[in-house]
Amino acid sequence: MNTIDAQIKEVADLIRRSDKVLVFTGAGVSTESGIPDFRSADGIWSKYDPEDFTIKKFLSDKNARKMHWDLLSDGDLSMFKAAPNPAHHAITDLKKTGKLYGVVTQNVDGLHQKAGLPGELVFQLHGDLSHAKCLECGSRFPMQTVAEWMRSDIQEPVCAKCSGMLKPDAVLFGEQLPTDVLLEAERRSRNCDLCIVLGSTLSVYPAALIPRYASENGAKLVIINLGPTELDSWADIRIEGKAGEVMPDIVARAAKTGPA
Ligand code: NAD
Ligand code: ZN
């Protein structure tokens, strides 16, 4: 048995011995669905300037807002057309074993829900790009609707109820994370007995505290990623591999009766 097979078997065994498995996902879980991550060579930061994605810039600069809306109303945008890949489906299959305690995700693409996970098990730390939110009255509108408004050649969409400023409902740099989501994710990280990280450099805070808290509170930590992460030295098992190849194998073995 080669090393990766042995590691996959070890993780499947860990799942079998656990009652509460928390999965933590980053942009790397969605690259196999065609959505680029941030920090790879052809990632989002190779094309855009992170400075344009701060809340300060969004609120103060009309042109920056226009760039956001133009980006989001692009009919070809991969994020809205993307379908879940085998990694997302494997996580949904893990729920069927009765062990899934939750999925804490940094992703804003909604693919865990598209793969059939109920919303109450998905903790979206960085919000959700499927909607825009009014900064005045809090009304939410589907991004597809906002995209329609943009196609009628307006400069900037406004709230259909109060004409307030709209913002994509994802967290920008310098913006607070949704408190209730973060608190519940932290609670589950302290109570889980196994945390599996998939496709994240674990370099964005406070999100990266979730696997840290899990490990500090005695949970086993498994990291599956292409390339190094900031918590590699904390991992009980560290698998260098593709999420969409490794995770289905792990879950299939964990769900099997008899030896993994
Ligand atoms: P990141 O770009 O910092 O790290 C992604 C990691 O996943 C990299 O190490 C990369 O090598 C690895 N990876 C890529 N494809 C993989 C695969 N198939 N299997 C396993 N590993 C793979 O992303 P991050 O840690 O999530 O943090 C950055 C921020 O990215 C988050 O704040 C998130 O909100 C945002 N983001 C989200 C999306 C999305 O919603 N899909 C896309 C881009 C960025
Ligand atoms: Zn409003």
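This report describes the zinc site and the salt bridges of a predicted model.

**Zinc site**

Four cysteine sulfur atoms coordinate the zinc ion (ligand 2): C134 (SG), C137 (SG), C159 (SG) and C162 (SG), at 2.3 to 2.4 Å. The angles subtended by these four donor atoms run from 99 to 115 degrees, so the arrangement around the zinc ion (ligand 2) is tetrahedral. That assignment follows because four donors count as tetrahedral if all angles lie between 85 and 135 degrees. Along the chain, the donors of the zinc ion (ligand 2) are spaced as C-x2-C-x21-C-x2-C.

Two of these donors also show how the site joins separate segments. C134 belongs to strand β4 (residues 127-134), while C162 sits in the loop between α7 (143-151) and β6 (166-170); the pair therefore ties together parts that are 28 residues apart in sequence. Their surroundings can be described in terms of accessibility. C134 has a relative accessible area of 3% and is buried, whereas C162, at 36% relative accessibility, is partly exposed.

**Salt bridges**

The structure contains twelve salt bridges. Three of them are listed below with the separation of their N and O atoms.

| Basic residue | Acidic residue | N to O distance |
|---|---|---|
| K167 | E175 | 3.1 Å |
| R187 | E184 | 2.8 Å |
| R238 | D232 | 2.7 Å |

The bridge between the side chains of K167 and E175 pairs two residues whose accessibility can be stated individually. K167 is buried, its relative accessible area being 5%. E175 is partly exposed, at 25% relative accessibility. Because buried means under 20% relative accessible area, the value of 5% places K167 in the buried class.

The bridge between R187 and E184 lies within one helix. Both residues are in helix α8 (residues 179-191), and because they are three residues apart there, about one helical turn separates them. R187 is partly exposed, with 42% relative accessibility. This pair also takes part in a wider arrangement: E184, R187 and R188 are linked in a network of salt bridges.

In the bridge between R238 and D232, the closest N and O atoms are 2.7 Å apart. The acidic partner, D232, is partly exposed, with a relative accessible area of 25%.

**Summary**

In the predicted model, the zinc ion (ligand 2) is held by C134, C137, C159 and C162 in a tetrahedral arrangement. Among the twelve salt bridges are the K167 and E175 pair and the R238 and D232 pair, and a network of such bridges links E184, R187 and R188.

Conventions: Residues are numbered from 1 along each chain as its sequence is written. Chains are lettered from A and ligands numbered from 1 in the order in which they are written. This is a predicted model: local features need pLDDT of at least 70, side-chain atom pairs count only at pLDDT 80 or more; totals for chains, interfaces and linings use all residues. Side-chain values use heavy atoms; hydrogens and water are left out. Donors are N, O and S atoms within 2.8 Å of the metal (3.2 Å for Na, K and Ca); water is not among the atoms, so sites may look incomplete. Four donors count as tetrahedral if all angles lie between 85 and 135 degrees; four count as square planar and six as octahedral if opposite donors are over 155 degrees apart and all others between 65 and 115; anything else is irregular. Helices (H or I, at least four residues) and strands (E, at least two) are DSSP runs, numbered from the N terminus. Buried means under 20% relative accessible area, exposed over 50%, partly exposed in between (1.4 Å probe, protein chains only). A salt bridge is a side-chain nitrogen of Lys or Arg within 4 Å of a carboxyl oxygen of Asp or Glu.
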